[in-house]
Amino acid sequence: KGIRRGQLSAGCSRVPSATLVPLAVAEFKKQFPEAEISIKTGRPNEIEQWILSNEVDLGVVEGDPDSGLILKEPWYEDELVLVLPRRSRLLKKRQLSLHEVIEEPFLLQAPWGRPTFIERVFAQRGITIKKPVTLGSREAVKAGIAAGYGVSLLPKSVIDTELKAGTLRTKKIYDLDI
């Protein structure tokens, strides 16, 4: 309130830093054009450390912080959607079950040595991905699917551009809600 200039630093995980944070920064700069803004991108655990060591003023990450010393305030919700090649045979199915999906080559983002969020959710339900393919990034996962190979579950905000361009498609899995 009443601030015209100053500095704001934030640590952001990859999805928010590539989707919503730039829009928020643009809006902030309209209101406070003299403010200096610095955004660092990292993994959620790195961002927690930056917050705890006062390297950044705030963090924007997916999920909950591990540390009880960090206050969490929800900012936005995103939906995980099944992403398919634009000519996938699965698009022709009237209803699509999770068990049909896990029979397909399933593209996963590199998890830095730990199970991905999707693998953890599936494991909690006793489901194992039959044909996992681990790639280096979400961009690689999107490119693989756009090229016609495999499926994945990705945040909808990450594929908005590809959906508008028609290079990727989505379909509801009737027995999965994440």
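How many helices and strands are there in the chain? The chain has seven helices and eight strands. Keep in mind that this is a predicted model. The legends below start with the whole chain and then go through it part by part.

**View 1. The whole chain fits in a box of roughly 55 × 35 × 25 Å.** Those box sides are taken along the principal axes and enclose the C-alpha atoms. Of the 178 residues here, 37% count as buried. The accessible surface comes to about 11,300 Å², and carbon and sulfur atoms own 50% of that. Now think about who touches whom: if you take the contacts with a separation of 6 or more, 71% of them link residues 24 or more positions apart.

**View 2. Three strands make an open sheet with the order 2-1-3.** The pairing in this sheet is parallel. Why does one side of strand 2 and of strand 3 lack a neighbour in the sheet? Strand 2 (36-41) and strand 3 (58-60) stand at the edges with a single partner strand each, so one side of each is left without a neighbour. From one strand to the next, the twist averages 25°. Zoom in on strand 1 (residues 7-12) and strand 2, and you'll find six bridges joining them. S9 is a handy landmark, standing opposite S38 in strand 2. As background, strands of a sheet pair through backbone hydrogen bonds, either parallel or antiparallel.

**View 3. Helix 2 and helix 3 both meet this sheet.** Helix 2 (residues 20-31) lies across strand 1, strand 2 and strand 3, and runs at about 170° to strand 2. Helix 3 (residues 44-52) packs on the sheet too, touching strand 1, strand 2 and strand 3. The direction of helix 3 makes about 165° with that of strand 3.

**View 4. Helix 3 has three buried residues to look for: I47, E48 and W50.** Why do they end up on the same side of helix 3? They cover an arc of only 160° around the axis, and that puts them on one side together. Strand 1, strand 2 and strand 3 are among the elements covering these buried residues. Just after helix 3 comes N54, which takes a positive phi of about 60°.

**View 5. L8 sits in strand 1.** Is L8 buried, exposed or something in between? With a relative accessible area of 27%, L8 is partly exposed. Leaving out residues up to four places away in sequence, L8 touches F28, E36, I37, S38, D57 and L58. Take D57 from that list: L8 and D57 are 49 residues apart in sequence, yet their C-alpha atoms are 6.5 Å apart in space.

**View 6. Strand 4 and strand 7 pair up in the antiparallel sense.** Strand 4 covers residues 80-85, and four bridges connect it to strand 7. One spot to check is L80, whose bridge partner in strand 7 is P155. Strand 7 (residues 152-155) points S152 and L154 one way and L153 and P155 the other way. Even so, all of these residues are buried.

**View 7. The largest nonpolar core has 20 residues.** Which residues have the most contacts inside it? They are L82, F106, I118, F122 and L153. Strand 4, helix 4 (98-101), strand 5 (105-109) and helix 5 (117-124) each give two or more residues to this core. Try clicking on L153: setting aside neighbours within four places in sequence, its contacts are L80, V81, L82, F106, I118, F122, I173, L176 and I178. There's also a second, separate core of 10 residues, including V15, L107, V158 and L168.

**View 8. Helix 7 (residues 156-165) buries S157, V158, I159 and E162.** What covers them? The cover includes helix 1 (14-18), strand 4, helix 6 (138-146), strand 7 and strand 8 (168-171). After helix 7 comes G166, with a positive phi near 80°.

**View 9. A140 has its place in helix 6.** The relative accessible area of A140 is 27%, so this residue counts as partly exposed. From A140 to L108 is 32 residues in sequence, and the C-alpha to C-alpha distance is 9.3 Å.

Definitions and conventions: Residues numbered from 1 in each chain as written. Predicted model: local features only at pLDDT ≥ 70, side-chain atom pairs only at ≥ 80, totals over all residues. Heavy atoms only, no water. Buried < 20%, exposed > 50% of the residue type's maximum accessible area, 1.4 Å probe, protein only. Pairing = 2+ DSSP bridges. Axes fitted to C-alpha atoms, helices over the stretch in contact; angles between N-to-C directions. Contact = heavy atoms within 4.5 Å. Arc of directions from axis to C-beta. Areas by Shrake-Rupley, 256 points an atom, 1.4 Å probe, with all protein chains shown as cover. Core = buried A, V, L, I, M, F, W, Y, C linked by side-chain atoms within 4.5 Å.
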